Every structure is written in structure tokens, then in C-alpha cells.
Amino acid sequence: MTCRTIAVANQKGGTAKTATALSLGVALARTGDRVLLVDADPQGDLTKSLGWRDPDSLETTLATHLSAAIEGSDDDPAAGMLRHREGVDLMPSNIELAAMEMAVFMAMSRERMMGAWLAPIKSDYDYVIVDCAPTLGIIPINALAAADSVLIPVSAEYLPASGMTGLLKTVARVRRQINPGLSVEGILVTLYDSRNNLARDVERTVRGQYGKAYRVFETVVPRAVSAAEAAAAGESVFAYDPEGKVAASFSRLAEEVRRG
Ligand SMILES: Nc1ncnc2c1ncn2[C@@H]1O[C@H](COP(=O)(O)OP(=O)(O)OP(=O)(O)O)[C@@H](O)[C@H]1O
Ligand SMILES: [Mg+2]
């Protein structure tokens, strides 16, 4: 199987990007796929959610590899790779990625640094899933440039306003100028509380406004306390609350993603 790289992105904060990258990755790994998770957020939320509580103490991170790509220096692309007990690999990030932003921005082929790092290790994986920070800066653009598709989590707690348009325009621009192969994997409604009228409105609006042009996943990810607790415990919902509805939803999402 050839590797599929999926960027999980939305420049709006708090739409469950990190939770989605983590749980989708673990769901795919549980059914036998080789999965690399890439933390591309200087906050290191994905790194922390997988149990590495102090990302700033990690010496080798995504920033190290982007720096090597810029300088064209010798680099073992797998250096610093962390292996999580639930069967996924993680390239962590920490605050050094923020310091790298300007260097990446100034580099020649500045959009292609993440792709240059990933190219030699992609063949070791079936899926690479990149958790993007809530911006449309140069690092998320690098993720889009390196990706086959972008998965867009949308929170059911706010009507999706202009944010989605900005992201979809950026995706179209990246496709035109840098990565013609980039597609929209799908839009995923997250943090869904069925007792909440707004959540139902958001789902209806997303399906109505975007469902013709893009895939809106049938799967909706429910809001549940156990999901936030799992992140605090450094494990996925599959380990923390295996019978729960959030784990079940990510199994279904993995099936939808695998079907393509
Ligand atoms: N299914 C869920 N049910 C309840 N809480 C959740 C769920 N998924 C994520 N959360 C919580 O919601 C918050 C936001 O989730 P997350 O960090 O994944 O969003 P994000 O889009 O990555 O945020 P940012 O834009 O800051 O990167 C976190 O506190 C997380 O623990
Ligand atoms: Mg995040």
C-alpha cells in the first residue's frame, strides 16, 4: 500500500484537530496500518496528549528536521521518533517549532521543507497524519504541500463562519500553486452534543453548505468527558474508554477514511 499523508487542519482554535489526529491514527493502527503522527504545533498538544508531558525537554523534534531540510545538512529523518504503546509513531514538537517559523519562511522552496523531511520515511508507513496548529502560517502550508489530503474538523459548538472559507481558499491556492494532488479528505463534525440544538444546526448547516462540493463524514464525533480525560492520561480513547461512544465514532471514521 502506498502511504497516504493527511493534514488535519482548521485555523480556528479548539475544533478537536489534535484529538482527531490522535484517535484516527490509533484507530488505523489498531486494524493493522502503520501510522506516523506528526505534531506540527509548537504548543506540542499532540505530544502531551500521547503522554510526553514536557515536550520542551525533548532534544530532537520536527523543528530539528525542518532545520536540517533548510540547511541541506545530513539528517536521520527518523531521529527523535517516539513510539507509543498503542502502536503509533510520533514525531513530537515543542516551542522550538515557533522559532523555526521565520527560518522556514526565509528558505528557498519554503513550502516544501516538511515534504523534504517526510519523503525518505514515508515508505515505512501506510498513513502519515499531521496535526496542524490553528493558523494558516507557513508550517500548516508545509503540511498541505506535503499532504495527499486535508481533513477538516469543525466544532458543533459554533456555526462555522468565515473560517472555513479561508481554509478552503488556502487549500485551493496550495493545489494551484504547489501541490496539484491535494484533495479534501472530508469535513468532520466534532464536539457534538445531541441535547444541544445548536449542535444539530451546525451539522445541518455544514452538510447543506459543503456537502455537495466536499465529503462531509457520516461519522460525527460526540462530546464526552472521557475524551478530555484520555488526553490528560496520555492515551487514546481506545485505551481509556474502549467501550465509549467516542472510541466507536473514531473506528467508524477510520473505516470511512480507509474507503476513501
Ligand atoms: N470528543 C470530545 N469530547 C469532549 N472534549 C473533547 C473531545 N475532543 C476534544 N476535546 C477537548 O476539547 C479541547 C479542544 O480539543 P483539541 O485540543 O483536540 O482541539 P484543537 O483543534 O487541536 O485545538 P487547537 O486549535 O488549540 O490546536 C481539548 O480540551 C480536548 O481535550
Ligand atoms: Mg491542537
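This short talk goes through the sheet, two helix packings, two charge-over-ring contacts and two backbone angles of a predicted model.

I'll start with the sheet. It is open and has eight strands, with mixed pairing. The order across it is β3-β4-β2-β5-β1-β6-β7-β8. At the edges are β3, residues 82-83, and β8, residues 216-222, and each of these pairs on one side only.

Within that order, take the pairing of β1 with β5. Strand β1 covers residues 4-8 and strand β5 covers residues 127-132; they run in the parallel sense and are joined by five bridges. For a place to look on screen, T5 stands opposite V128 in β5.

After β1 comes a loop leading to α1, and A16 lies in that loop. Its backbone deserves a remark: phi of A16 is near 75°, which is positive, and the residue is not a glycine. There is another case of this kind at L191, where phi is near 50°, again a positive value in a residue other than glycine. L191, however, is placed in a strand, namely β7, residues 183-192.

Now the helices. Two packed helices are described by the angle between their axes and the distance between the axes. Helix α1, residues 17-30, packs with helix α11, residues 245-259: the axes come within 9 Å and cross at roughly 75°. Since angles from 65 to 115 degrees count as roughly perpendicular, α1 is therefore roughly perpendicular to α11. Which residues of α1 meet α11? On the α1 side they are A19, T20, S23, L24, A27 and L28. Facing them in α11 are F250, S251, L253, A254, V257 and R258. By class, the residues of this contact are eight nonpolar, three polar and one charged.

The other pair is α4, residues 96-106, with α6, residues 138-146. Here the angle is about 70° and the axes are 9 Å apart. So α4 and α6 are also roughly perpendicular to each other. From α4, the contact takes in L97, E101, V104 and F105; from α6, it takes in I138, I139 and N142. That contact divides into five nonpolar residues, one polar and one charged.

F105 comes up again when we turn to rings. The charged end of R110 sits over the ring of F105, at 4.3 Å from the ring centre. Where does K12 lie relative to Y158? K12 is over the face of Y158, 4.5 Å from the centre of the ring. How many aromatic pairs does the structure hold? The count is zero.

To recap: an open eight-stranded sheet with mixed pairing, α1 roughly perpendicular to α11, and α4 roughly perpendicular to α6. That is what I have.

Terms used
Residues are numbered from 1 along each chain as its sequence is written. Chains are lettered from A and ligands numbered from 1 in the order in which they are written. This is a predicted model: local features need pLDDT of at least 70, side-chain atom pairs count only at pLDDT 80 or more; totals for chains, interfaces and linings use all residues. Side-chain values use heavy atoms; hydrogens and water are left out. Axes are lines fitted to C-alpha atoms, for helices over the stretch in contact, and angles run from 0 to 180 degrees between N-to-C directions. Helices (H or I, at least four residues) and strands (E, at least two) are DSSP runs, numbered from the N terminus. Angles under 35 degrees count as roughly parallel, over 145 as roughly antiparallel, 65 to 115 as roughly perpendicular and the rest as oblique. Contact means heavy atoms within 4.5 Å. Ala, Val, Leu, Ile, Met, Phe, Trp, Tyr, Cys and Pro count as nonpolar, Asp, Glu, Lys and Arg as charged, and the others, Gly among them, as polar. Rings of Phe, Tyr and Trp (its six-membered ring) pair if their centres lie within 6.5 Å; planes under 30 degrees apart count as stacked, over 60 as edge-to-face and the rest as tilted. A charge sits over a ring if NZ of Lys or CZ of Arg is within 6 Å of the ring centre and within 35 degrees of the ring normal. Two strands pair if DSSP finds at least two bridges between them.
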